[in-house]
Amino acid sequence: CDRLTEELTQNENENKKLKLKYQCLKDQLEEREKHISIEEEHLRRTEEARLQLKDQLLCLETEQESILGVIGKEIDAACKTFSKDSMEKLKVFSSGPDIHYDPHRWLAESKTKLQWLCEELKERENREKNLRHQLMLCRQQVRNVTEHK
């Protein structure tokens, strides 16, 4: 009886230890489940934010293409206006429709066109300046001839 009582006590103590260990493991499991649940919620929100940012990026890319297209058309219109007498020059640095798919090529072409426009403008200003000077000289000559007569 004593031996059985001792075994019972020992078994009860082991049972208590096992129950404590079970409770501790159960608490750890619940903590991990909460943590996993929180992480899954965070992951879901992050994924939603990523999708929203992807949509915004697509919208911005579309808007950028539209803006670049408008700018390109305006630059082309200005080039055509300035190139009435030199259409061949303009054709040299104008490429085909595939340029819209490559922003680097578009930028390089637009830069070249703008440089050409600046050169044309300087050339025209110099011609205008020379013509004004010639006009002034001609007027002076006309005055001199009129005064002389």
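The questions and answers below look at the helices, the confidence and the salt bridges of this predicted model.

Reader: Which element of the chain has the lowest mean pLDDT, and which the highest?
Author: The chain as a whole averages a pLDDT of 89, and 89% of the residues score at least 70. Where pLDDT is low, the predicted coordinates should not be read in detail, and this caution is useful when looking at the separate elements. Among the elements of the chain, the lowest mean pLDDT, 59, belongs to helix H2 (residues 87–92), and the highest, 94, to H1.

Reader: What span is expected for helix H1, and how far does H1 reach from its first C-alpha to its last?
Author: Helix H1 runs over residues 2–82 and so has 81 residues, and the expected span is 1.5 Å times one less than that number. That gives an expected 120 Å, and the model comes close to this value, since H1 reaches 116 Å.

Reader: Which residues are buried in H1?
Author: A residue is called buried when its relative accessible area is under 20%. In H1, this description applies to Gly69, Gly72, Ile75 and Cys79.

Reader: How many residues apart are glutamate 48 and arginine 44 in helix H1?
Author: The side chains of glutamate 48 and arginine 44 meet in a salt bridge, with 2.5 Å from N to O. An α-helix has 3.6 residues a turn, so residues three or four places apart point the same way. Both of these residues lie in helix H1, where the separation of glutamate 48 and arginine 44 is about one turn, or four residues.

Reader: Is arginine 50, which meets glutamate 47 in a salt bridge, buried or partly exposed?
Author: The salt bridge between arginine 50 and glutamate 47 has an N to O distance of 2.6 Å, and the two residues lie three residues apart in helix H1. Glutamate 47 has a relative accessible area of 36%, and is therefore partly exposed. Arginine 50 has a relative accessibility of 42%, so it counts as partly exposed.

Reader: Where do glutamate 128 and arginine 132 lie, and how far apart are their closest N and O atoms?
Author: Both residues lie in helix H3, four residues apart. Glutamate 128 is partly exposed, because its relative accessible area is 40%, whereas arginine 132, at 56%, counts as exposed. The two form a salt bridge, and their closest N and O atoms are separated by 2.7 Å.

Reader: Which residues do salt bridges that share partners join into one network?
Author: The structure holds nine salt bridges. Through shared partners, salt bridges join into one network the residues Glu41, Arg44, Arg45 and Glu48.

Technical notes
Residues numbered from 1 in each chain as written. Predicted model: local features only at pLDDT ≥ 70, side-chain atom pairs only at ≥ 80, totals over all residues. Heavy atoms only, no water. Buried < 20%, exposed > 50% of the residue type's maximum accessible area, 1.4 Å probe, protein only. pLDDT = per-residue confidence, 0-100. Salt bridge = Lys/Arg side-chain N within 4 Å of Asp/Glu carboxyl O.
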